[in-house]
Structures are given as C-alpha cells and as structure tokens.
Amino acid sequence: MAGMSQRSDPLLPSAAQLQGTLVDFALAELIRQHRDSFQPLWTVDSWAKLLIWLALNCGLSGERDALEQFAEALGPRLTSRLRRLFFERDLTDLELQVLADPAEQQVLLLSLAPQDPAVLSPERLEQALKRVGLESRVTSDQTRWQTLDAVVAIPWS
C-alpha cells in the first residue's frame, strides 16, 4: 500500500537469516540422502568423494586447484559441520546416535534416552554397530569399550 512503511517484526528472522537457514537445511538433507553412496563407508576416502561430488556439482573441475579452492571456500566451520553430518547416524528406534569419524580414535554411541541404562546394553550397541555397517570396523572386545555417562566409546579395529 502506498504511503505505508513496512514494519519488520523483531521476532521474525530477516530474509538473509531465512535464506541461510534454508541453505543449511538443504545441504544437510543432501548429505543425509547421499552419504551412503560414497564407498567405502566410514572412511576418509568416502568423505573425500563427497567433497569432490559437491565441488563438481557446483561447476568446478576435478582438478586439484579447483578442489582446494572449493575446500577453502567452505571454511573450517562449515566443513566441520558437514563432516559431522556425514559421519553421524541417528537410530531413533534404538535411542542411539552413532558418531564414527575415522579421524577420531573411537566411535561414539550416544544415548538419546540417558535416563534408561538399557539403551547402552551391549546387545543394543552391537545391533546399532551392525545396522550402520561398523561391526567389522571396531573392536569386538567389549573390555576395551568405555562407558562415560550416556556415551560408549569403542576403539576402531
């Protein structure tokens, strides 16, 4: 309407904030939907393949300089967030979250129901490891599994 100034509601996010949220959401969903297609899973190679795929789909060549430029453009904060998404799995029916970054010394299984000690039972943990394809990549020696509050840390094989 002519003559009326637009008032912005201080409780609503700005257009830039909404765009950022949308891009963040879309990127997270893209990674969740495609992360299992980069084989072998749970490896640095799978992570590198994802980054190359993203760079190529952004119109860059597969040349080393272009890939380095892409990685630099992402920056450490976004790269860290994307890497975490890539190497985590939420198993809501088991009430567990699996964090299995091969750059870390251990795979972490976090209880989504810390009040329920049964969530961290060895049987349930083994079921989670099997479901995400980690059972052969971590030590099966349960004496080496460390329980810390609502987290179990399991060393890589």
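## Ground rules

A residue counts as buried under 20% relative accessible area, as exposed over 50%, and as partly exposed in between, using a 1.4 Å probe and protein chains only. By that yardstick Trp 42, at 4% relative accessibility, is buried.

This is a predicted model, where local features need pLDDT of at least 70, side-chain atom pairs count only at pLDDT 80 or more, and totals for chains, interfaces and linings use all residues. Residues are numbered from 1 along each chain as its sequence is written, and side-chain values use heavy atoms, with hydrogens and water left out.

## The overall picture

The protein chain has four helices and five strands, laid out along the sequence as α-α-α-β-β-β-α-β-β. Both kinds of element are DSSP runs numbered from the N terminus: H or I over at least four residues for helices, E over at least two for strands. The chain is more spread out than a compact globule, because its radius of gyration is 20 Å, well over the 15 Å that the globule rule gives for 157 residues. That radius is taken over C-alpha atoms, and the rule is 2.2 Å times the number of residues to the power 0.38.

Along its principal axes, the C-alpha trace spans about 75 × 45 × 20 Å. Of the 157 residues, 34% count as buried.

## The sheet

Five strands make an open sheet in the order β1-β2-β3-β5-β4, with antiparallel pairing; two strands pair if DSSP finds at least two bridges between them. At the edges sit β1 (88-91) and β4 (146-148), each pairing on one side only. Neighbouring strands are turned by 20° against each other on average, direction ignored. Helix α3 (residues 64-86) packs on this sheet, touching β1 and β2, and its direction makes about 45° with that of β1. Axes here are lines fitted to C-alpha atoms, for helices over the stretch in contact, and angles run from 0 to 180 degrees between N-to-C directions.

Strands β2 (residues 96-99) and β3 (residues 106-111) run antiparallel and are joined by four bridges. They form a hairpin with six residues between them. Within this pairing, Gln 97 stands opposite Leu 110, and Leu 99 has Leu 108 as its bridge partner. β3 also pairs with β5 in the antiparallel sense, over five bridges, with Gln 106 partnered by Pro 155 in β5.

## The core

The covered face of β3 carries Val 107, Leu 109 and Ser 111, while Gln 106, Leu 108 and Leu 110 are on the uncovered one. Val 107 and Leu 109 are also among the residues with the most contacts inside the largest nonpolar core, which has 36 residues. Such a core is a set of buried Ala, Val, Leu, Ile, Met, Phe, Trp, Tyr and Cys residues joined through side-chain atoms within 4.5 Å. Leu 109 has plenty to touch: leaving aside residues up to four places away in sequence, its partners include Leu 96, Val 98, Leu 125 and Ile 154, where contact means heavy atoms within 4.5 Å.

## Backbone oddities

Trp 42, another of the core's best-connected residues, lies in the loop between α1 and α2. Its phi is positive, about 65°, although it is not a glycine. Pro 40 is found in that loop too, and the peptide bond from Gln 39 to Pro 40 is cis, with omega near -5°.

Glu 95, in the loop between β1 and β2, has a positive phi as well, near 60°. At 29% relative accessibility, Glu 95 counts as partly exposed.
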